[in-house]
Amino acid sequence: VTADDPPAESASAWLARTGYIAAGQGCARAWLFVSPHLDDAVLSCGALMEALAFEGRVCVATVFTEGGQMPWSVPSLRATARSGRSLADLFELRRNEDRAVLQAMSVEPFHLGFADGQFRALSTLGQGQPSLLRKLLARVPLYPTFRWDLARGRVAPPDRALVEFIRAELLQLVDRLSPSPSLVFAPLGVGSHVDHLLARDAAARLGLPTIYYSDFPYSEQSVPRRDFVEGRNLVPHLWLAGRLANAERVREYGSQLAGIFPDGRVPYRPEVYWAPATASATPA
Ligand SMILES: [Zn+2]
């Protein structure tokens, strides 16, 4: 592939075909993308976001943007060893990278400030306990490993209340934005990363029309969960234009690139969006 696919239609016309933004319905040209981590929205939706930013207001709410204080979980040790920085410094760098990438796309970043799942601890169980026990629990990771814990799709009991907190933060943001977003893009949770599932479930409870996106590059290895897709009667819509240019945007997340794409190449794939079949208009 040497050149980007040219856009066959404008991004909003394409969106109209998913059934959610019909031109004559008076919907505001404002869209909210919910990103679990500081890179997911650009990895999975960057090309569409950049196209939409020419037509209206595009905001990205990134949920898990802090490192917390986990000293010893496996992903935590890997992340700090790879970057040679403290967790606090690493996440400051990541937030700055994210702001720079999104602003260059004319997209507005919002960081919600929740701790990344790699670094969340059992400490919430220790509330009301003696301080020594609280200190010990603060050192026990909720998800000690990536493969066996964080990417198993099982939300740890102390994390279950998080969905409501995230939803409340997202609602506050939606209320603050003017014009208010007419459509929310949420991760589908392909790959079953706990943080992606929490972000998805919080976004799904905002009471706004929601389109789900396939989580790239998890989608290279995993397929969407059938129960979720079938339960909501979701059908896929592909967005192709601008994927090569978006690969360059992805490369600007310098602190993450080697961890995500060890050979340095960003695979060329369509972006995949899932909307309810009942909402989707038949292509003209
Ligand atoms: Zn992620």
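How does Arg269 count by relative accessibility: buried, partly exposed or exposed? At 34%, Arg269 is partly exposed, where buried means under 20% relative accessible area, exposed over 50% and partly exposed in between, with a 1.4 Å probe and protein chains only. The views below take this predicted model site by site. Local features need pLDDT of at least 70, side-chain atom pairs count only at pLDDT 80 or more, and totals for chains, interfaces and linings use all residues of this predicted model. Residues are numbered from 1 along each chain as its sequence is written, and side-chain values use heavy atoms, with hydrogens and water left out.

**View 1. The zinc ion and its protein donors.** His37 (ND1), Asp40 (OD), Asp40 (OD) and His196 (NE2) sit 2.1 to 2.7 Å from the zinc ion. Donors here are N, O and S atoms within 2.8 Å of the metal (3.2 Å for Na, K and Ca), and with water not among the atoms, sites may look incomplete. Along the sequence, the donor residues follow the spacing H-x2-D-x155-H. Asp40 belongs to helix α2 (residues 40-52) and His196 to helix α7 (residues 194-204), so this pair ties together parts 156 residues apart in sequence. Helices (H or I, at least four residues) and strands (E, at least two) are DSSP runs, numbered from the N terminus. Asp40 is buried at 4% relative accessible area, and His196 is buried too, at 1%.

**View 2. Angles at the zinc ion.** The 4 donor atoms make angles of 52 to 143 degrees, and the site comes out as irregular. For the label, four donors are tetrahedral if all angles lie between 85 and 135 degrees; four are square planar and six octahedral if opposite donors are over 155 degrees apart and all others between 65 and 115; anything else is irregular.

**View 3. The largest pocket.** There's about 950 Å³ of space in here. A pocket, on a 1 Å grid over the protein atoms alone, is an open set of points where a 1.4 Å probe fits, with protein on both sides within 12 Å along at least five of seven lines; lining residues have an atom within 4 Å of a point. Grid points are joined across faces, edges and corners, and the volume is the space filled by probe spheres set on them. Of the 33 lining residues, Arg82, Phe146, Tyr218, Gly259 and Ile260 lie nearest the centre. Helix α10 gives the largest share of the lining, 6 residues, while α2, α3 (74-83), α4 (87-104) and α10 (254-260) each chip in at least two.

**View 4. Arg269 and Glu220 in a salt bridge.** Their closest N and O atoms are 2.8 Å apart; a salt bridge is a side-chain nitrogen of Lys or Arg within 4 Å of a carboxyl oxygen of Asp or Glu. Arg269 is in the loop between α10 and β7 (271-276), and Glu220 in the loop between β5 (210-213) and α8 (226-231), so the pair links parts 49 residues apart in sequence. Glu220 is partly exposed, at 33%.

**View 5. Other salt bridges, from a total of 15 in the structure.** Arg17 pairs with Glu9 at 2.5 Å, N to O; Arg17 is partly exposed at 30%, and Glu9 is partly exposed at 25%. Arg265 and Asp263 meet at 3.9 Å, N to O, and both are exposed. Arg120, Asp159 and Asp195 are joined into one network by salt bridges that share partners.
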